[in-house]
Each structure stands twice: as structure tokens, then as C-alpha cells.
Amino acid sequence: MDPSDPVARYLPTLGRARAEGLALPPGDPAEERRVAALVVLASIVRREGWAEVVDLSPEAAQQLERGEPPLPDAFDARVHRRLAEDLGSRPCPACLGAAMGLAEARAAGTAPARCASCDGGGRIRRVRLRHVHDRLIEVRELYAPPEMSFVPALFPFEGTLKRSLGAADPPEPLRCLDLRPRTVQTAYRGGGDRVVEPEFHKHRFAGTIEFAAAALAALATGGRVVAQAVRAYAWPLLWLRYGPGDPARDVVVFPDLAGALQVFAGAADGGHEGAPREKQPARG
């Protein structure tokens, strides 16, 4: 890759890790895996609704709008009330309405000077009222490759990566504009199309896209998504696997927000949890 490419500083390689003096196990790893975590920043508006039967004054019922509220034009929380069904007019149960009238009700001590339910008219309209709440959900989540979750030594790694990100937005060169699989034609006559999974500069997402998509879809539970803005960023990782006899069998090299490489050393089976290692002094 061209060193002037702004992405280059965020791509970990074994040669670069050694050149920068990272504390790697001695010798060559048995396997190198180029994978990528995924950072998702999203603003989502989820619309929730429920209905109830209420008694309103005719004037209040007349002011209610029918139909679905308009789609939001901004990412904020809003509350709507809509008339779902008019169930008709009837005497006000609070002041006894037409049965006694307000004067008689006041004399009997069963109603205030002006009935709050019917607004003094003696009758109410019973309606089915629909409440609609637009709830704003802000998402900031990092997903490490799921295959790492099967390696006990790497259990703490996702937390380490999240702490490295902190509250800052990922660097813009790591932004992914299209994470959909693409179809390419094979070079052989009569061969079918081939589906190519997305990757980031030869770093496989290794299931993080599907995991993140499922998590976002789950946010619609209890309502429906009526607005969303999603940004996704790759976080390139170099997963090094050493032989069973090495004290640190799984090592992950990753860039920090400035592009400087860091190393996470997972403990061998039966050892302690891994932690980021300090850089070694450069060899003269």
C-alpha cells in the first residue's frame, strides 16, 4: 500500500510491529489472521404506540388529529396523540350530565363549579385514543470478530479495544461506506456468479457485520424504526497465533486512535487473562 494513503498508518503488520518495538513472543507465529472489528455509531428513532379508551369533552375530542403522525424530520424524542375511533356521545359520568345537570350536581355536592371532564357541557365523547412515542436511541458499540470469543485467552480483548477507543469517534479513514456483499462473475464460461464478502484492505470482518446488523435490528423490538443514521468504521487487527509451547499463544496487534500500534497478549491455556504489553526498547 502507498504509505501516503491515510489508511496505511492504521494497518498492522508483523514487520511494522517488530520495527516499532512491540513486545511480541520470540520467533515467527504459526499463523497470521488479518481480521477487523467493527465500530457502529447510530442514531435511531423507534416509534412505539398503544391505545386506550378515554372520555373527553367534545371540544377536546374535536381537536384530536386522525391518522399516523408524520415521519420525524430530526433525531429527537416526541409524543403524539391521535384519534383512533370515536365511540359516541354520552352523559358525563363525572357530573351526572343530562341526568341532573350542573346546577343539581353542585347542589348535591357531587361536582365542582365547572366539570373538568365535560368542560361544563354535561356530555362527553368517548374515544379510542392512540398514544405514539418516538424514542431516540443512540448507539455506540464495538464488535470484535465473533471467532475470538471462542478463545479464552482473548476474552478480555474486546474490553481492551473499547477502552482504547474511549469516547472519541473513530478516525475518518477507517469509515466503511458500503458493507454489502457484492456479486462478481467468474472467469470461466458457464460458471455461476460468485459472492464476495466485504473486507477492509484485506482484513476480513469475520462475522462482525452480521452480528452488528442483528443487534441493530433488535432495537426495533417493541415498535418500529422510523428514522436512522448509521456510520460504521473498521478497526483492523492482526491476530497472531503461536505454537502451544509459547507462553502467549494468541497475540493481537491493533492501532490506537493515532495509528500507533499496540499489542494485546492473550495468556496460554490455564494462564492469566491477557493485557496490553509495553513496547520493548528498540534494538540498536
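**Exercise 1. Place leucine 56 in the fold and list its contacts outside its own stretch of chain.**

Leucine 56 has its place in strand 1, where strands (E, at least two residues) and helices (H or I, at least four) are DSSP runs numbered from the N terminus. Before going on, a note on the model: it is predicted, so local features need pLDDT of at least 70, side-chain atom pairs count only at pLDDT 80 or more, and totals for chains, interfaces and linings use all residues. Residues are numbered from 1 along each chain as its sequence is written, and side-chain values use heavy atoms, with hydrogens and water left out.

Step 1: check accessibility. Leucine 56 is buried because its relative accessible area is 14%; buried means under 20%, exposed over 50%, and partly exposed in between, with a 1.4 Å probe and protein chains only.

Step 2: list the partners. Setting aside neighbours within four places in sequence, leucine 56 is in contact with Ala61, Leu64, Ser117, Ile124, Arg125 and Val127; contact means heavy atoms within 4.5 Å.

Step 3: add a distance. Alanine 116 is 60 residues from leucine 56 along the chain, and their C-alpha atoms are separated by 9.2 Å.

**Exercise 2. Find where alanine 23 lies and decide whether alanine 23 is buried or exposed.**

Step 1: alanine 23 lies in the loop between helix 1 (14–19) and strand 1 (31–56).

Step 2: with a relative accessible area of 9%, alanine 23 is buried.

Step 3: look across the chain. Valine 251 is 228 residues from alanine 23 in sequence, and the two are 9.9 Å apart in space, C-alpha to C-alpha.

**Exercise 3. Describe glycine 67 in the same style.**

Step 1: the loop between strand 2 (65–66) and strand 3 (78–91) holds glycine 67.

Step 2: a relative accessible area of 43% makes glycine 67 partly exposed.

Step 3: leaving aside neighbours within four places in sequence, glycine 67 is in contact with Arg82 and Leu83. The C-alpha atoms of glycine 67 and leucine 83 are separated by 7.4 Å, at 16 residues apart along the chain.

**Exercise 4. Inspect the backbone at histidine 201 and alanine 206.**

Step 1: phi of histidine 201 is near 50 degrees, a positive value in a residue other than glycine. Phi of alanine 206 is also near 50 degrees.

Step 2: histidine 201 sits in the loop between strand 8 (199–200) and strand 9 (203–204), while alanine 206 lies in the loop between strand 9 and helix 5.

Step 3: at 35% relative accessibility, histidine 201 counts as partly exposed.

**Exercise 5. How many disulfides does the protein have?**

Step 1: apply the rule that a disulfide is a pair of cysteine sulfur atoms within 2.5 Å. The count comes to zero.

Step 2: look at two cysteines. Cysteine 92 counts as buried at 1% relative accessibility, and cysteine 118 counts as buried at 1%.

**Exercise 6. Put the residues into the context of the whole protein.**

Step 1: the protein has five helices and 13 strands.

Step 2: 40% of its 284 residues count as buried.

Step 3: among contacts between residues at least 6 apart in sequence, 72% join residues at least 24 apart.
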